[in-house]
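Got the viewer open? Let's take a walk through this one, selecting a few pieces at a time.

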Amino acid sequence: MWERSVNSVTESLLAPFKKRLSGAAGDVRELVALVDFHLRILYTLSIADSRSNGIASIKVIGTPGFGTMAAVVRQAAKESKEVTKSAWSERIRLSAAESLNEIDSFKLAKRYKSFKTMRDQLSHGHALPSDDALVQEIIQSLTVITRNLQVILNKHFADCSFEWKENYLRIFATSKKDSLDVDGLWQYVEHNDTAAIYSHSSQDSIFYIAVGGEILSESESGRIKRFQTQLLVEKKNTNGDLGRLVKEILRDVSAFTEDYSAPSFFFGDESDAGHLYVPWTRSTSDGNQARIDAFRIGPDNRREWKVPKSDDRWVSYSEFMREIANWPILARRIGIGLESFSKSRRDEELSRLGITQNSKHRGPSKLREVNEDLNSQEQSNGHSFDLKERVDDACERMKPSTAVYFVVGQAGLGKTDLMLSMAKNRAEEIAVNPDLKKPLFLFVSSTGRTLASLEDAVNGSLNITKLLSSHGAKALCRNGLLVLLVDGFDELLGSSGYQNALGSLEPWFKELGGRGVLVASARSSYYLTQYRRSLAETKDLNVDHTLVELQPWSRADTQDYLTVGGVPTTSLSRLDDKEWKILSIPFFSKAFVAWFEKNADKGVPPSIFDIVVDQYLEREAIKLDDPHQGSLLTREELQSLFAEIAEMMQLDKVREIEQDDLISCAQQTIGANSLESVRPGLSRRLSSLCGLGVDSEGGKPNQFGFSHEVLFDCFLSAALSRSVAYDVSANYFENILNRSKINTSVFEWIFQRNPEAISKISKRINFSINRKNESDIFAENLGSLWITMLQRGGNIPPTERVEGVRLGDLSLSNVGWKNLVIKRSSIKRLEIPESGDFLVELSHVDIDILFCASAAQLKKVVTGLDKSEIRCIHIQDKFEDNPVRVRKALSDFGLVPNSETNAPSELYEAAEFFLTKIIARPDIQIVVNRDDWLTDDHRLSWTHRMGNDIWTDFLTYLLEYELARWEQRATAGKAKNRLVFNVPLTSILRKEPVPLNIRNFWDFCQKGP
């Protein structure tokens, strides 16, 4: 039960209007809205009274305007004492009559005949009088009226209170002898413990104005049905689409006010019926601008804005957003910021590595949409992808879900260059042609920086504009006018971000409310895995993801780039396949061209990897030359220093270190406790080193980090190589691998420089993780190291046993080894050679796809398939990924016992299969045709694998046990539904005992319908 006096509730609802009063001319619009709100209070009470006093009841309309509300209140004021049969009726009659007298008292013969005349003129965009004295007279008159309206309200309802009891809201007097049913016209709001007043309605929601001007919606079907049948006039007289529009417009407008508070609003009536009017104060760099804007739903459900000071010119709502964002200037300033950032990057590459940007030949940026279906043939034939075109198309179509494009690829492939050039080119296009109907791209760099949140990174990118806040950026994003391009998203929060990979994006997703487009790049596949896991642990995020992979250059593309860069064909002919593979990464090709310009007479170095290190060390060594003492660090000491720094960053799970840490690394390098006593001047010069770019934002201590992630990888690899040379310690490696995800290239470069390291590591490191030491990062890194050793060693297992690790693609040689035991591990693809004398023992291994050209060989050399989870098989010419058929095929081949008698029901297996597929890609929304519950999305082709009937049965029982619900989607063509889960997906698949409906669902699936 809840009670609160009527006057305290109404005063809290009216408070935002009074807060916005500043004494300026703009107060006229705010005072008009305040009068409108007072009338709304009497409007709802008059309707409530008409339903209870025995006379013909009055009903609300979907979007009540001033004239409509005034007519209802005027009718209540005219009721005779003989008709008003209750104390409530008399209260309302008197308060209505006195309030209307106050409103009708407003008359300014020089300009306005009545309050409504002035209100209507302002609504149509007419300017206030130019005479300041007359404006002040209007303000004074309205101020008196609103003050008197408050007095009238307080006088007649001083002894009245709201009461929320048994899910019902009423008003009662102190005596409690008589009460007024206001349920539906007013709504109890539990989260701020007050009541909200009816604002408007749509076909599927009722909207209320709460404290602070917040618009709340009621979507519970029972309350909506009661409201529509008992309180609402016939639906044909309502504008449902406009009702849904109000909340969105107020949220957008508030983003451009000084304090981001929701503005007031009112609806038009008579000839303006169906129009929404929003008086508000726009915050600009030149001061505040009072204005009133009109909106409506136009032809084809297009949201429209009325151009101010025009007779009746309505344009797209996006034009309103462009105007208040100062679109041409915003584009120009974003372009200025991006040009400055680009120049810094060019200077950095030239300074650190001698790389110059060849504007005439940059090499191709090829993207491929990743299809992660286990069918390997489909996966390898991913579609080529034009990111800019797809983003523009998504902004234009504005599907009812936020579109996220994840661009993945290892460090050095050019993700930053791709996104930066997209943003820079678009800013230039719009600055030249502001009428271009394309979105701006806001490039947000988090590479090499550890920030507290995405919000910090966005604010950093917006600072240059001096026009747009993060609130404004979100509003433009919601309307498809601005797209965030977040570069290096996996580096944003440092390694800590892996623990909650969704955390920084989730607030943005909720602010976008299922609208807008976002692009994020990440180099780490491990991060993407953690991101998906976070998605599966949450629920009801209206986001649809597309995974795009930036491709390495082909050999032809690489050769073309190097030739144009001046590398002769004779030098290219000396490169082996491994070096061509490294050069397919643009960063290394650029470094190679830069190296060749100065070292053409030296031929090709032994390792492309060494090129980057040599270039880097050569240029950094110059900064440590003292005119009196010579070089303060030798080349070998400098390389050792950078290796120490990379090692410290890995162990501390950061990508930046402070000045004291930098000095500590230098002391470790030269073996001295005091740098100044051994190398005078070295401490002072350290801060100028290498891409150890200085960051002193916000008064924080200077932070030093490598200017490119490839450089961090290079020197971490050097640190690990050094440890191998000094007889690797198992504890050291375990500590390094257990901190944060390590790029596979770090391991590859170790063995490229020292093939003997495979033998040393395999003898000293234990590749079995016991249960008490399990961690996702450790399992991922240890598995990556083992696979790299296997591939470098000719696909011969480097150890005879692995346990508790995550292995990627495991393809085994048919010679050179005898036994391999794999326990409690996961394998993406296990390929068994069709010949050879060896034995693979599996136990509790999750295998995404098992491949072998010979079932007989598989039966001969592999054991434990019955103790493992096989999701997909490709044995001989048979491909299956349906769990029932996989089990049957394995049984038919004699690879597992026939266990049909103990097999779970088909529905149970289907539920596990479908949930596993959904959890594997929770970033893809389940959207189906409303009539048959089938999907047309090629990414969801697995929904048909077990038959359409079993798929629809699965959906039926998910809904029946309230584990999921349908969300209707407004789309062109066939009507669609989106499946929204009420509990986290992982909770269902894990068959958790709470909530009880999870257990009941699985019990039913086991028994079968």
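Which strands does helix α1 lie across, and at about what angle does it run to β6? Select residues 6-19 for the helix: α1 lies across β5, β6 and β7, at about 55° to β6 (194-201). Keep in mind while you look around that this is a predicted model.

Now bring up the sheet under that helix. Four strands make an open sheet, ordered β5-β6-β7-β8, with antiparallel pairing. At its edges sit β5 (186-189) and β8 (215-218), each of which pairs on one side only. Look at the twist too: neighbouring strands here are turned by 40° against each other on average, ignoring direction.

Zoom in on residues 206-209, which are strand β7; its antiparallel pairing with β8 runs over 4 bridges. For one rung of that ladder, pick Y208 and find its bridge partner L216 in β8. Next add helix α7, which also packs on the sheet: α7 touches β5, β6, β7 and β8, and its direction makes about 90° with that of β7.

Stay on α7 and show the side chain of R226. What does R226 meet in a salt bridge? The partner is D181, with 3.9 Å from N to O. R226 belongs to helix α7 (residues 221-230) and D181 to strand β4 (residues 179-181), so this pair ties together parts 45 residues apart in sequence. Colour by accessibility and both come out partly exposed: R226 has a relative accessible area of 21%, and D181 has 23%.

D181 is a handy stepping stone, as R170 stands opposite it. Follow that across: β3 and β4 pair in the antiparallel sense over 3 bridges. Is β3 largely enclosed or open? Select residues 169-173 and check: 4 of the 5 residues of β3 are buried, so the strand is largely enclosed by the rest of the structure. Then show residues 160-164, strand β2, which runs antiparallel to β3 and is joined to it by 5 bridges. S161 faces F172 of β3 in this pairing. β2 and β3 make a hairpin with 4 residues between them, and E166 in the turn is worth a click for its positive phi of about 55°.

Back to charges for a moment. There are 65 salt bridges in the count, so here are just a few stops. R478 pairs with D252, their closest N and O atoms 3.0 Å apart. With R478 in helix α15 (residues 470-478) and D252 in helix α8 (residues 240-254), the pair ties together parts 226 residues apart in sequence. R478 and D252 are both buried. Another stop is R291 with D293, where the closest N and O atoms are 2.8 Å apart; these two are buried as well. For a group selection, try D36, R40, K116, R119, D120 and E270, which are joined into one network by salt bridges that share partners.

Last stop: jump to Q876, in the loop between β33 (873-875) and β34 (878-880). Q876 is partly exposed, at 39% relative accessibility. Which residues does Q876 touch, leaving out those up to four places away in sequence? Light up C852, A853, S854, A855 and F893. Put a distance label between the C-alpha atoms of Q876 and A853: they are 4.4 Å apart in space, though 23 residues apart in sequence. Then try A855, whose backbone nitrogen lies 3.1 Å from a polar atom of the Q876 side chain.

Methods
Residues are numbered from 1 along each chain as its sequence is written. This is a predicted model: local features need pLDDT of at least 70, side-chain atom pairs count only at pLDDT 80 or more; totals for chains, interfaces and linings use all residues. Side-chain values use heavy atoms; hydrogens and water are left out. A salt bridge is a side-chain nitrogen of Lys or Arg within 4 Å of a carboxyl oxygen of Asp or Glu. Helices (H or I, at least four residues) and strands (E, at least two) are DSSP runs, numbered from the N terminus. Buried means under 20% relative accessible area, exposed over 50%, partly exposed in between (1.4 Å probe, protein chains only). Two strands pair if DSSP finds at least two bridges between them. Axes are lines fitted to C-alpha atoms, for helices over the stretch in contact, and angles run from 0 to 180 degrees between N-to-C directions. Contact means heavy atoms within 4.5 Å. A polar contact is a pair of N or O atoms within 3.5 Å; within protein, one must be able to donate a hydrogen and the other to accept it, and residues adjacent in sequence count only if both atoms are side-chain atoms.
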